[in-house]
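Hi,

Here is the structure I promised to pass on. Have a look at it first, and then read on for what I found in it.

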Amino acid sequence: MLFLNKDAIQKIDQNSIQTAVEQAYRLVLSQNYNMPDRMHVADNQNILLLMPCFSEKFFSTKLVSVFPEAQQHGQPAVNGVMVLSDNVSGQPLAVMDGAAVTAQRTGAVGGLGVKLLTPETVRAAGVLGAGVQGLSQARYLLFNRKIKTLYIYDLYKESAINMTRVLKKEYPDVDYVITENANQLVENSSVIIAATTSSNPLFETTPDGVMGKIFISIGSFRPDMQEFPDTVIETADDVFVDTLFAAKESGDIATPLKKHVITKNKIKEFAGLLGKNTYPENRTVFFKSVGMALFDLTVSSAIYQLAVKNNIGQALDF
Ligand SMILES: NC(=O)c1ccc[n+]([C@@H]2O[C@H](COP(=O)([O-])OP(=O)(O)OC[C@H]3O[C@@H](n4cnc5c(N)ncnc54)[C@H](O)[C@@H]3O)[C@@H](O)[C@H]2O)c1
């Protein structure tokens, strides 16, 4: 059995991870997988998610916890363990750092959103939330598009400064601007990605303020959490979700549905975009991701196969 820690997982290239996310969407289209709704176990404000999934060759289980207040103690909100097993013999193949797998695959979910929904000419983008997912979103955004100015906003300025420091080493030609508030970031960006633990919309806007922009929401994963004001989804020409479960799970979709701001038929599965070359320009788009075990399965199996091929990780026996 292979043990893969954060350093080992970070050796796997972004292109392979994003291709594995694309593979997950292909499985959605072919329906050739077995994935129950993930189980949420709540303990006050903290949550444990149990995320199993089976494909033809592999099955995986991620145990991931979200402790929204961990940031106040300088700790990441998301932690976990990922187990990948063989779907013929049932043998466990690998144990991985679940937080690192999550950050990579979630970055790639946003990255594929950027690739399929935004014009290649986009130059100004913004990331709301400078935590683990915010950094990963920025990395995959910059991997997919030649961004000239990246706006960053976080409740804690220190987090935004740290994120800028990391990104500057990897993408020194980008201008990084830390904004004073979320409104300023949205006004200046044509692509806005939010990856926060916020329960309330991060900014205020009008239909004119959102028209023609692409919004990607990574954060809210409970009905009582919302990152974007209703105006965004109401004004959007197109609304996509990574899984239809998002309509139940995330306040970014569930709340406007409940308030009849939108109807269910406005919500489309992102998988339907695969195979389409370019997305029409000047449309207002909202893409909501809550994540799914199928991403973890395809990404962890790609990581495992590349790790075996390139001698990455540590072999362990039970
Ligand atoms: N869509 C998915 O597949 C997926 C996967 C993993 C995590 N998530 C979710 O993404 C969110 C972020 O996760 P993380 O691992 O980056 O957490 P984190 O604690 O590392 O970072 C969250 C950041 O958001 C900032 N923040 C919180 N409220 C804010 C506000 N109102 N305005 C600006 N910034 C604010 C915090 O200061 C922090 O820096 C969580 O809700 C998590 O559950 C989603």
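Let's start with a pair of helices in this predicted model. Helix α4 (residues 132–144) packs against helix α5 (residues 157–170) at an angle of about 30°, and their axes are 11 Å apart. With an angle under 35 degrees counting as roughly parallel, α4 and α5 are therefore roughly parallel to each other. The crossing of α4 past α5 is right-handed. On the α4 side the contact is made by Gly134, Leu135 and Ala138, and on the α5 side by Met163, Val166 and Leu167. Sorted by class, that contact of α4 with α5 has 5 nonpolar residues, 1 polar and no charged ones.

Next, the sheet that α4 sits on. The sheet is open, has 8 strands with parallel pairing, and reads β9-β8-β7-β10-β11-β14-β12-β13 in order. At its edges stand β9 (175–178) and β13 (267–269), each with a single partner strand, so one side of each has no neighbour in the sheet. On average, neighbouring strands here are turned by 20° against each other, direction ignored. If you want one pair to look at, try strand β10 (residues 191–194) and strand β11 (residues 214–217), which pair in the parallel sense over 4 bridges. There you will find Ile192 opposite Phe215 in β11. As for α4, this helix packs on the sheet and touches β7 (124–128), β8 (149–153) and β10, with its direction making about 160° with that of β7.

Now for the ligand. Which residues are the closest to the ligand? They are Ala77, Gly129, Gly131, Gln133 and Gly291, out of 30 residues that surround the ligand. The elements that give two or more residues to this shell are α3 (98–117) and α4. Of the elements, α4 gives the most, with 3 residues. By class, the shell around the ligand divides into 15 nonpolar, 14 polar and 1 charged.

You have met α4 already, so on to α3 and its partners. The axes of helix α2 (residues 14–30) and α3 come within 9 Å of each other and cross at roughly 75°, which makes α2 roughly perpendicular to α3. From α2, Ile17, Gln18, Val21 and Glu22 make the contact, and from α3 the residues are Gln104, Arg105, Ala108, Val109, Gly111 and Leu112. That contact of α2 with α3 divides into 5 nonpolar, 3 polar and 2 charged residues.

Helix α3 also meets helix α11 (residues 293–309): their axes come within 10 Å and cross at roughly 110°. Angles of 65 to 115 degrees count as roughly perpendicular, and α3 and α11 are therefore roughly perpendicular to each other. Here α3 passes α11 in a right-handed crossing. In α3 the contact involves Val101, Gln104, Arg105 and Val109, and in α11 it involves Phe295, Asp296, Val299, Ser300 and Ile303. The class split for α3 with α11 is 5 nonpolar, 2 polar and 2 charged residues. Gln104, Arg105 and Val109 of α3 are worth a click, since they are listed both in the contact with α2 and in the contact with α11.

There is another open sheet to find, with 7 strands in the order β2-β3-β4-β5-β6-β1-β15 and mixed pairing. Its edge strands are β2 (39–43) and β15 (314–315), each of which pairs on one side only. Helix α3 lies across β4 (58–66), β5 (78–86) and β6 (92–97), and runs at about 90° to β5.

A few strand pairs in this sheet are good places to zoom in:

- Strand β1 (residues 2–4) and β15 run antiparallel and are joined by 2 bridges; Leu2 stands opposite Ala315 in β15.
- Strand β3 (residues 46–54) and β2 run antiparallel too, joined by 5 bridges, with Asp43 opposite Asn46 in β3. The two strands form a hairpin with 2 residues between them, and Asn44 in the turn has a positive phi of about 55°.
- β3 and β4 pair in the antiparallel sense over 8 bridges, and a hairpin joins them through 3 residues. In β4, Thr61 is the bridge partner of Pro52.

Enjoy looking around!

Key
Residues are numbered from 1 along each chain as its sequence is written. This is a predicted model: local features need pLDDT of at least 70, side-chain atom pairs count only at pLDDT 80 or more; totals for chains, interfaces and linings use all residues. Axes are lines fitted to C-alpha atoms, for helices over the stretch in contact, and angles run from 0 to 180 degrees between N-to-C directions. Angles under 35 degrees count as roughly parallel, over 145 as roughly antiparallel, 65 to 115 as roughly perpendicular and the rest as oblique. A crossing is left-handed if the near helix is turned anticlockwise from the far one by less than a right angle, and right-handed if clockwise. Two residues are in contact if their C-beta atoms, placed from the backbone, lie within 7 Å. Ala, Val, Leu, Ile, Met, Phe, Trp, Tyr, Cys and Pro count as nonpolar, Asp, Glu, Lys and Arg as charged, and the others, Gly among them, as polar. Two strands pair if DSSP finds at least two bridges between them. A residue is near a molecule or strand if its C-beta atom, placed from the backbone, lies within 6 Å of it.
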